[in-house]
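Good morning, everyone, and thank you for making the time. Please have the sequence and the model open while I talk.

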Amino acid sequence: MKTLLLTILYSTTLFMTASALDTISLPKPDLTRGDTIMQAFAKRRSTREFATKELSRQDLADLLWAANGINRPESGKRTAPSAMNRQDVKLYVCTPQVSYLYDHKKHQLLPLSQGDARPEQAAPICLILVTDTNQSWAAIDAGIVSQNISIFCAGVNLATCPKASIKNKSQLAKSLKLQGQQTIMLYHPIGHFNK
């Protein structure tokens, strides 16, 4: 009996490890949710305390699409403008278990590494904004994506705060498998309000 129980437990652990690194397809964004844009502006604020409740898959799908998803499929253009349409800002999602790259073309999460790479562990997830270059216009592009995140969160009653200070940036870059001139610009811890 003990051997059978250990075998089941071992198989479950292996399955959980394997499935943790699967690609996650996200549902289509819900374009009808949230406050009006003016209400979102009125409610926008930086929050540094978060409830432990996780975001739903729909929350994450809507958040990533609003931040920098494709809103014009015929041209591939996105919700956030970029200098000369370079589309240089990449979104990474860090959870307590796995770090992912947001694939805006397929609206899915591509697993990168296991483990907790969140720069701020008080929030259920952290969105990391990375540019493909360290040119000055890249910071402007990242700022626009950051504003999209803040306004979306305000409009759907999620808590966030844009931050630039990261204690162990080199370790985060390693977890995200960054290469070449890819530069971490800032991040957003995101969760529900701690009421």
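I will go through the nonpolar cores, then two charged residues, and finish with a patch on the surface.

Before anything else, please keep in mind that this is a predicted model.

Let me begin with the interior. The largest nonpolar core has 29 residues, and those with the most contacts inside it are Leu63, Leu64, Leu109, Ile149 and Ile190. Two or more residues each are given to this core by helices α3 and α4, the latter spanning 136–155, and by the strands β4 (89–94), β5 (98–103), β7 (125–131) and β9 (183–191). Among these elements α3 gives the most, with 6 residues. As general background, nonpolar side chains tend to be buried together in soluble globular proteins.

If we take Leu64 as an example and leave aside its neighbours within four places in sequence, we find it in contact with Leu26, Gly69, Leu91, Val93, Tyr102, Leu109 and Leu127. Apart from the core just described lies another, of 14 residues, which includes Ala117, Val130, Leu176 and Ile184.

Now to the first of the charged residues. Asp59 is found in helix α3, which covers residues 57–68. Is Asp59 buried or exposed? With a relative accessibility of 10%, Asp59 counts as buried, because the cut-off for that class is under 20%. Its side chain makes a polar contact, at 2.9 Å, with the side chain of Arg33. Not counting residues up to four places away in sequence, Asp59 touches Phe152 and His192 as well as Arg33.

The second is Arg118, which lies in the loop between β6 (108–114) and β7. Its relative accessibility is 11%, and therefore Arg118 too counts as buried under that cut-off. Which polar partners does the side chain of Arg118 have? One is the side chain of Asp116, with a polar contact at 2.6 Å, and another is the backbone oxygen of Gln121, which lies 3.3 Å from a polar atom of the Arg118 side chain. Leaving aside neighbours within four places in sequence, Arg118 is in contact with Cys94, Thr95 and Pro96, and also with Ala123, Pro124, Ile125 and Cys126. I would add that Arg118 and Tyr187 are 69 residues apart along the chain, while their C-alpha atoms are separated by 9.5 Å.

Finally, the surface. Ile37, Met38 and Phe41 make a nonpolar surface patch of about 350 Å², and Ile37 belongs to helix α2, residues 37–43.

Technical notes: Residues are numbered from 1 along each chain as its sequence is written. This is a predicted model: local features need pLDDT of at least 70, side-chain atom pairs count only at pLDDT 80 or more; totals for chains, interfaces and linings use all residues. Side-chain values use heavy atoms; hydrogens and water are left out. Helices (H or I, at least four residues) and strands (E, at least two) are DSSP runs, numbered from the N terminus. Buried means under 20% relative accessible area, exposed over 50%, partly exposed in between (1.4 Å probe, protein chains only). A polar contact is a pair of N or O atoms within 3.5 Å; within protein, one must be able to donate a hydrogen and the other to accept it, and residues adjacent in sequence count only if both atoms are side-chain atoms. Contact means heavy atoms within 4.5 Å. Patches are made of residues with over 30% relative accessible area and no salt bridge: like charges are joined within 9 Å, nonpolar side chains (Val, Leu, Ile, Met, Phe, Trp, Tyr) within 5 Å. Accessible areas come from the Shrake-Rupley method with a 1.4 Å probe; for residues, only the protein chains shown count as cover. A salt bridge is a side-chain nitrogen of Lys or Arg within 4 Å of a carboxyl oxygen of Asp or Glu. A nonpolar core is a set of buried Ala, Val, Leu, Ile, Met, Phe, Trp, Tyr and Cys residues joined through side-chain atoms within 4.5 Å.
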